Amino acid sequence: NEPEQIDGASLVNKIGCVTCHGVDLAGTRQAPALVSLKDNWERNSLINYLRNPSSYNGDERFMEYKEKYKNVVMPSYNNVDVKDLGIIADYLLQLGE
């Protein structure tokens, strides 16, 4: 019996992305928009970021985010199945197309 495949939108809601990034993922005062990620990300780097966001702390874009979204930390999702992170990455990368 195959486990039921869950879609990207459901996973984004399930792991709580909407809590900080907004129900429409267009950003809030707590976190940036996720609607044009394809401008800055490709699939594998986005999956790696979701698994270990703190490893991107030196990146210029993240320095700006740190200044803009003070006292907010992007959680690590290394406890989420990498297949699910792939589904999430695919979903996020097609937003705003």
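Let's start with the aromatics. Ring pairs link W41, Y49, Y56, F62, Y65 and Y69 into a cluster. Keep in mind that this is a predicted model. Searching the whole structure gives 8 aromatic pairs. I'll take two of them.

The pair of W41 and Y56 comes up now. Their ring centres are 5.5 Å apart and the planes meet at 55°, so this pair is tilted. Where do the two residues sit? W41 is in the loop between helix 2 (17-21) and helix 3, and Y56 is in the loop between helix 3 and helix 4 (60-68). The pair therefore ties together parts that are 15 residues apart in sequence. Both W41 and Y56 are buried.

Next pair: Y49 and F62. Here the centres are 5.1 Å apart and the planes are at 35°, so this pair is tilted too. Y49 belongs to helix 3 and F62 to helix 4, with their positions 13 residues apart in sequence, and the pair links distant parts of the chain. Are these two rings buried or exposed? Y49 is buried, at a relative accessible area of 11%. F62 is buried as well, at 11% relative accessibility.

One more residue belongs to this part of the talk. R61 is in helix 4. Leaving out residues up to four places away in sequence, R61 touches N40 and W41. So much for its contacts; here is a distance. From R61 to V35 the C-alpha atoms are 16 Å apart, for a sequence separation of 26 residues.

On to helix 3. Which of its residues are buried? They are S45, L46, I47, Y49 and L50. The cover over those buried residues includes helix 4 and helix 5. Y49 we have met already, as the ring paired with F62. S45 deserves a look of its own. S45 sits in helix 3 and counts as buried at 19% relative accessibility. The cut-off is under 20%. The S45 side chain reaches the backbone oxygen of E42, at 3.0 Å.

Now helix 5. Helix 5 runs over residues 82-94, which is 13 residues. From first C-alpha to last it reaches 18 Å, close to the 18 Å expected at 1.5 Å a residue. What happens at its N-terminal end? D81 caps it, with a side-chain oxygen 2.6 Å from the backbone nitrogen of K83. After the helix comes G96, which has a positive phi, near 80°.

Which residues of helix 5 are buried? L85, G86, I87, I88, A89, L92 and L93 are. A general point helps in reading that list. An α-helix has 3.6 residues a turn, so residues three or four places apart point the same way. As for what lies over the buried residues of helix 5, the cover includes helix 1 (8-15) and helix 3 (43-51). Helix 3 and helix 5 thus appear in each other's cover.

Next, the loop between helix 4 and helix 5. S76 is located there. Buried or exposed? S76 is partly exposed, with a relative accessible area of 35%. Its contacts, not counting residues up to four places away in sequence, are L50, R51, N52 and P53. Two polar contacts of the S76 side chain are worth giving. A polar atom of that side chain lies 2.8 Å from the backbone oxygen of R51. The side chains of S76 and N78 are joined by a polar contact of 3.4 Å. For a longer distance, take S36. The C-alpha atoms of S76 and S36 are separated by 21 Å, and the two residues are 40 apart along the chain.

Last item: the cysteines. How many disulfides are there? The count comes to 0. Why is C17 not bonded to C20? Because the C17 sulfur is 9.1 Å from the closest cysteine sulfur, that of C20, which is too far for a bond. A disulfide would need the sulfurs within 2.5 Å. C20 is in no disulfide either, as its nearest cysteine sulfur is that of C17, 9.1 Å away. On accessibility, C17 counts as buried at 10%. C20 is partly exposed, with a relative accessible area of 25%.

To recap: a cluster of linked rings that includes W41 and Y49, a capped N-terminal end on helix 5, and 0 disulfides. Thanks.

Note on methods. Residues are numbered from 1 along each chain as its sequence is written. This is a predicted model: local features need pLDDT of at least 70, side-chain atom pairs count only at pLDDT 80 or more; totals for chains, interfaces and linings use all residues. Side-chain values use heavy atoms; hydrogens and water are left out. Buried means under 20% relative accessible area, exposed over 50%, partly exposed in between (1.4 Å probe, protein chains only). Helices (H or I, at least four residues) and strands (E, at least two) are DSSP runs, numbered from the N terminus. The expected span of a helix is 1.5 Å times one less than its number of residues. Contact means heavy atoms within 4.5 Å. A polar contact is a pair of N or O atoms within 3.5 Å; within protein, one must be able to donate a hydrogen and the other to accept it, and residues adjacent in sequence count only if both atoms are side-chain atoms. Rings of Phe, Tyr and Trp (its six-membered ring) pair if their centres lie within 6.5 Å; planes under 30 degrees apart count as stacked, over 60 as edge-to-face and the rest as tilted.
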